[in-house]
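These are my notebook entries on a protein model, written while I looked up its core, its disulfides and its enclosed space.

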Amino acid sequence: MFLWRLPQAVCLVSVCVSLTLGYEDDIEVNYGDSYFNEITEGEPLEPTATLAPGPCNATDITKWDKLFSLLENSQMRENMLLQYSDDIIKVELGSLRGEMLRFVAQYGEACGIAVETAGRRMSMQMEARLRESMGHLRQDRSIAASDSAGNSHQEKLLQQLLTAARTQDIRLIKLENSCLSNPEAKGENLQQEVASAEMLDAVVTELVKTRAVLELVFKSAQQRHLPAGCETALLFPMRSRRIFSSVTPDLPLSLSFFTVCLWAKPVSISNRTVLFSYGTKRNPYEIQLLLSGTRALFTVGGEAHLVEGRGVVKGGGVWTHLCGSWSSEQGIASLWADGHRVAFTPGVAEGRMLPDGGSLQLGQEKNGGGVSGGSGGSGSQLPGFEGDFDAKLAFAGKMTGVNMWDRVLAEDEISQLALQDGKGCEQRGNVVGWGLTEIVPHGGAQFIN
């Protein structure tokens, strides 16, 4: 029996070995990553079912196209939802803000004033009660420091203080709730307060308008009236070589010191507008007081000695007070505008004396002839002074308070002369005095009141 089963076992073992060797030849083991959707180069794509051509069917859509289309659709839907939610939030917040602003505008001010007033009253009452309690405590300590009855009285006072504080707190809460939760109950009072506030605003607006009108009237009145108490002025209606005023000084102009002052209200200013000019046959530019834009210029002995003040001339028909002073000993020439010294230059014609016998005029520069004579001249032309004026240098506007002294005025004197509401015209110079010295208008120049 054993010998018969031994060949069967050997056959069974050989069959199993042969099957095992056959499977090892057919199976290849791959230890790499298994990507079942990997598309290798050269591998043909899976055939897709072809659709019948139609208006909404595409014949060349692949798997990747479908995937990208789905991603784009989902992104667009997400953006649309976000935009919609954002718009809803903005609208709701805007409406909420508008309602809060309306509520605050209607009831906030009145409630705030009421709460503030109640708070002040409560704080004052609390302070009074605290002071009273502290006074009682000090009395109890001094009278019965070790007495138990005194301690009980102190406890009663503290309990009263706490009760008062709670009562005031409850009142404040009620007041706030009545202002915030029951605005209709305050409607009539709030309307009255709003009406009174509107009336007050209207009154204030009218007062502001009235003040502006009064300021304009006052400004126009100041422009019409003459400054420094002057009663007359010289009017130069336009620029012309024939319009000027000649001045005959009361003293000879052989001076080593002098001060010239005047008020001027120019209509327009060129690059070189002459206000005051004195010249001789040898030098037509001995003394000059000029305007140039917003600058004031003052020269003695010619343009080589120039004193310049910038930004001192006002426009818009405003009166400006100008003074020029010179001292031969120090050679200092100073320029003053509206009572303030705006410029000075040392070494101007130092040790020199002005020559007499020249021509003095207002509103023009004599560059070759003289209408008036020198000091005490008779008004005839000087020999060699047969020239004419230049219209580009002419002054157009008003001039008053023209005075000249044979000394250098002090600072306080010039400040008094420059007061527009003062009495500067009552202080007249001894060389040229406004209202006393002979001043003859020529052309269209004239005196006005």
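**Entry on the cores.** I began with the largest nonpolar core of this predicted model, which has 49 residues, and I noted that Phe258, Phe276, Phe298, Leu362 and Met404 have the most contacts inside this core. Strand E3 gives the largest share of this core, five residues. I then looked up the neighbours of Phe276 and, leaving out residues up to four places away in sequence, I found that Phe276 touches Val260, Leu262, Ile287, Gln288, Leu289, Leu360, Gln361, Leu362, Val402 and Met404. There is also a second, separate core of seven residues, and I wrote down Cys261, Cys323, Leu409 and Leu417 as being among them. As background, I reminded myself that nonpolar side chains tend to be buried together in soluble globular proteins.

**Entry on the disulfides.** Next I looked for disulfides, and the structure holds two. With bonded cysteines counted along the chain, the pattern is 1-4, 2-3.

I took the link of Cys261 and Cys323 to start with, where the S to S distance is 2.0 Å, and where the torsion of 120° about the S-S bond makes the link right-handed. Because Cys261 lies in strand E3 and Cys323 in strand E8 (residues 320-327), this pair ties together parts that are 62 residues apart in sequence. Is Cys261 buried or exposed? Its relative accessibility is 1%, and buried means under 20%, so Cys261 counts as buried; Cys323, at 0%, counts as buried too.

The other disulfide joins Cys230 to Cys425, with an S to S distance of 1.5 Å. The torsion about the S-S bond of Cys230 and Cys425 is about 50°, so I recorded this disulfide as right-handed. The pair links distant parts of the chain, 195 residues apart: Cys230 is in the loop between helix H4 (187-224) and strand E1 (233-236), while Cys425 is in the loop between helix H5 (411-417) and strand E13 (438-442). Cys230 counts as buried at 8% relative accessibility, and Cys425 is buried with a relative accessible area of 6%.

**Entry on the cavity.** Last, I asked how many cavities of 30 Å³ or more a search of the whole structure finds. The search finds one, and about 50 Å³ of space lies in the largest cavity. Its lining is made by Cys261, Trp263, His321, Gly401, Asn403, Trp405, Leu417, Gly424 and Cys425. The elements that give two or more residues to this lining are strand E3 (257-266) and strand E12 (397-405), and the largest share, three residues, comes from E12. Sorted by class, the lining has five nonpolar, four polar and no charged residues.

Methods. Residues numbered from 1 in each chain as written. Predicted model: local features only at pLDDT ≥ 70, side-chain atom pairs only at ≥ 80, totals over all residues. Heavy atoms only, no water. 1 Å grid on protein atoms, 1.4 Å probe; cavity = no way out; pocket = protein on both sides within 12 Å on 5 of 7 lines; lining within 4 Å. Points joined across faces, edges and corners; volume = space filled by probe spheres on them. Helix = DSSP H or I, 4+ residues; strand = E, 2+ residues; numbered from the N terminus. Nonpolar A, V, L, I, M, F, W, Y, C, P; charged D, E, K, R; others polar. Core = buried A, V, L, I, M, F, W, Y, C linked by side-chain atoms within 4.5 Å. Buried < 20%, exposed > 50% of the residue type's maximum accessible area, 1.4 Å probe, protein only. Contact = heavy atoms within 4.5 Å. Disulfide = S-S within 2.5 Å.
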